[in-house]
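Colleague: I'm new to this, so could you walk me through how the labels on a model get decided?

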Amino acid sequence: MFESLRTTFSGVARKITEKEIGADDVDGVMAELDIALLEADVAVDVIDSIKSEIRAALAGSSVKRGEVGPFVRTGLIRAVSDAFEAAGTVDLIGRIESKRGSGSPFVIVFVGINGTGKTTTLAKVAHMLSAAKISVAVAASDTFRAGAIEQLRAHTDALGVKIVAQNYGSDPAAVARDAVLYSRSHGVDCVLVDTAGRMQTNRNLMDQISKITSVVKPDITIFVGDSLAGNDTTSQAREFDQKVGVDAAILTKADGGGGGGAALSIVKITSAPILYTGTGQSYGDLVRFDAGAFVESMFATAAQEQGA
Ligand code: GDP
């Protein structure tokens, strides 16, 4: 998973270490870092912010000529770790369980554009929650895209989960509210709200999602992004975060060997943690994202080489 980002980081870290650069070479190393991060699909402003963090750390310290390289490397690792740490984490199942008995279901709104795997991911989450003995209802609030309701129904049928749906063209916020009311009266623990996913720049789409969130007041809004789509995924996350607020993210298609830069960019830009990664097309293909292991694996090759 995220092989190319790992290769990139270990390559940069190794070059930095091997070159034993002096202070004058910092700019050169930074330029190298720039290219490597761009190749790993890390967003440009995220790269700039990582570089200025490293520069700031370098400016305040006295580093011997031969130690600048390792110092920059450590700064890079720290900047990446800090970004994941600052985003924190969310214990989804724990939070749903702690709302049990409150009389209201825990509401999760899924946002993201079409084709990223949003519907499949919602079904995977429904499957995971059912396995944890959490009862689930799904709101078919994508009333725009032809086939969206049937697609969702095929999943809920397969999973044996309740779906609340109206007709195409009906108000998505009303569908979501219906699902919440149904869950209240039937003691359902959690409502998963599917939403329409046209381009994130579509104002009407954003207005619709804002209306859903103001009507049902979700406990959490999860952005679903395609880990293969690199910078596109990052700009989608930014737009959704600015317009409706993103609390957490799930990256799909991590089995496809994407750049992995999207994971770093999303946490840095939205300050929201990555909760899970999708690793295939089956309901069970949802893996909890371990930020510590992710950062460690990014630099693992470099550390091994250094130790060798
Ligand atoms: P939506 O338009 O965003 O709702 O996307 P869908 O849920 O319909 O998914 C689009 C395609 O991506 C489908 O063929 C899914 O099976 C596939 N897909 C979704 N998540 C993953 C994943 O984690 N790995 C792989 N390999 N395929 C996925």
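Modeller: Sure, let's take the ligand and then a salt bridge, keeping in mind that this is a predicted model.

Colleague: What makes the pair of Thr-119 and the ligand a polar contact?

Modeller: The cut-off is 3.5 Å between N or O atoms. A side-chain N or O atom of Thr-119 is 2.5 Å from an oxygen atom of the ligand, so the pair counts as a polar contact.

Colleague: And how do you know that Gly-278 and Thr-279 count too?

Modeller: Here backbone atoms do the job. For Gly-278 the distance to a ligand oxygen is 3.2 Å, and for Thr-279 it is 3.5 Å. Contacts must be within 3.5 Å, so both pairs pass. As for cover, the protein hides 78% of the 590 Å² of accessible area that the ligand has on its own.

Colleague: Which helix gives the most to the shell around the ligand?

Modeller: That's helix H6, residues 118–131, with four residues. By class, the shell has 12 polar, four charged and one nonpolar residue.

Colleague: Why is the pair of Asp-189 and Arg-100 called a salt bridge?

Modeller: The rule wants a side-chain nitrogen of Lys or Arg within 4 Å of a carboxyl oxygen of Asp or Glu. Asp-189 and Arg-100 meet at 3.1 Å, N to O, so the name fits. The two sit 89 residues apart, Asp-189 in the loop between helix H8 and strand S4, and Arg-100 in the loop between helix H5 and strand S1.

Methods: Residues numbered from 1 in each chain as written. Predicted model: local features only at pLDDT ≥ 70, side-chain atom pairs only at ≥ 80, totals over all residues. Heavy atoms only, no water. Polar contact = N/O pair within 3.5 Å; in protein donor to acceptor, adjacent residues only side chain to side chain. Areas by Shrake-Rupley, 256 points an atom, 1.4 Å probe, with all protein chains shown as cover. Nonpolar A, V, L, I, M, F, W, Y, C, P; charged D, E, K, R; others polar.
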